[in-house]
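Biologist: Hello! I am new to this structure and would love a close look at one part of it. Could you walk me through it slowly?

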Amino acid sequence: MSDENRVMEFLERVVADNAAAFAGVSTSLGIRLGLYEAMAGAGPLTSDELTQKTGLVERYVREWLAAQVASAYVLHDPETNTYVLPDEYAAVLADSSLPTYIGGGFTMLKALYGAEEALASAYRSGGGVSWQDYGPELAEGVAAFFKPGYEAVLVQEWLPAMEGVEDKLRRGASVADVGCGFGHSTVLMAKAFPQSRFHGFDFHEPSVEAARKLAEEAGVGDRVTFEVAAAHDFPGGDYDLVTFFDCLHDLGDPGAALRRAEEALAADGSCLVVEPNVSAEPGENIHPIGRSFASTSAVLCLPAAMAQNGPHALGNHPGPDALRAIAAEAGLHSWRLAVETLTNRIYDIKR
């Protein structure tokens, strides 16, 4: 017989989650339509004033603001009937240049919810759902989600933690960024190390096109190239560094990607592998970061790997032991945790 108190406690938690799921669409709209950006630093605004700043329809803006107040994302003064986005909230929702920005996690929602029927079919049949099946918002959202973190720590912390890599990059190195997506990681490295040359590879052509545009806008087109290529057969060789940023676990055959990396490395080359900082033990992921990664794995990372019909379907929390074993089979026997953050583990891997 169920405990009524436990039922009500659980009901309250699920109702809160359900409310957050509904609210997520409004949050995504606020990001896509520039509403948070327009409110950032503007002080108290009426709905009319916010409408003028955004060019949207006032009735919709007013309703959106009411939803934001109910979520406690925006503060409302009933005496003046004005709304304000505190600076501390803007750092999370409005300014994509800050490491605290999390907007990409919301703009991914359209793609994930839109794939529900395909996911249900995959769960029944054992098939997969490829990245192309999710729609363009997925690649855009993923790029926006990871970009602030890369900007905050890639050059400042992750690369210096790799043995001997930073010195090579300063002198002039050759780098392959595998699974580069929109190219944010590639361009960040190119801007920091102008003596080196960078080659980004991704199987997703729209992402490669976006990366090329980003490189030109950043003024690094002379030392960065982007090419459509799969992780297991990207071209070139004698690379001083091969990187896999938050993508190795998405592959149906991560071993093939690591074998290709081993073949393409220079004699003393290194692999930088960035993976989510979550546990292979489900009970150790009962916290917001663990929940976010585990939930994403069930509706994106695992289905994407299953769609490739490879020997592995890791999900994004296989644990370091599983990854280390795959790397060793590929000929990469030196495995070291270089640095760890709240969200990521960064591995330094060599032959």
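Biologist: In which sense do strand E3 and E6 pair, and over how many bridges?

Modeller: Happy to help, and please keep in mind that this is a predicted model. Strand E3, residues 174–178, pairs with E6 in the parallel sense, and the pairing runs over 4 bridges. To find one of these bridges on your screen, look for Asp 177, whose bridge partner in E6 is Thr 243.

From Thr 243 you can carry on to the next strand, since this residue also stands opposite Leu 272 in E7. Strand E6 covers residues 239–245, and its pairing with E7 is in the parallel sense too, over 6 bridges. Another place to see the two strands side by side is Phe 245, which has Val 274 as its bridge partner in E7.

How do these strands sit in the rest of the model? For E6, 7 of the 7 residues are buried, so this strand is largely enclosed by the rest of the structure. Strand E7, residues 265–276, has 10 of its 12 residues buried, so E7 is likewise largely enclosed by the rest of the structure.

Now let us step over to the nonpolar cores. The largest nonpolar core has 44 residues, and those with the most contacts inside it are Tyr 134, Leu 138, Trp 158 and Leu 159. Helix H9 gives the most to this core, with 8 residues. Apart from this core lies another, of 28 residues, including Phe 234, Ala 261, Ala 330 and Ile 349. Tyr 134 is a good residue to click on: leaving aside neighbours within four places in sequence, its contacts include Ala 111, Leu 112, Ala 115 and Leu 119. Tyr 134 is also in contact with Val 129, Val 299, Leu 300 and Pro 303.

Helix H9 turns up again around an open space. The second largest pocket has a volume of about 440 Å³. Of the 20 residues that line this pocket, the closest to its centre are Ile 31, Ser 96, Tyr 101, Thr 107 and Ala 144. The elements that give two or more residues to the lining are helix H1 (4–32), helix H2 (35–39), helix H6 (103–107) and helix H9 (136–161). Of these, H9 gives the most, with 6 residues. Sorted by class, the lining has 7 nonpolar, 8 polar and 5 charged residues.

So for a short tour, you could begin at Thr 243, opposite Leu 272 in E7, and finish at H9, which gives the most both to the largest nonpolar core and to the lining of the second largest pocket.

How values were computed
Residues are numbered from 1 along each chain as its sequence is written. This is a predicted model: local features need pLDDT of at least 70, side-chain atom pairs count only at pLDDT 80 or more; totals for chains, interfaces and linings use all residues. Side-chain values use heavy atoms; hydrogens and water are left out. On a 1 Å grid over the protein atoms alone, a cavity is a set of points where a 1.4 Å probe fits but cannot get out, and a pocket is an open set with protein on both sides within 12 Å along at least five of seven lines; lining residues have an atom within 4 Å of a point. Grid points are joined across faces, edges and corners, and a volume is the space filled by probe spheres set on the points. Ala, Val, Leu, Ile, Met, Phe, Trp, Tyr, Cys and Pro count as nonpolar, Asp, Glu, Lys and Arg as charged, and the others, Gly among them, as polar. A nonpolar core is a set of buried Ala, Val, Leu, Ile, Met, Phe, Trp, Tyr and Cys residues joined through side-chain atoms within 4.5 Å. Buried means under 20% relative accessible area, exposed over 50%, partly exposed in between (1.4 Å probe, protein chains only). Contact means heavy atoms within 4.5 Å. Two strands pair if DSSP finds at least two bridges between them.
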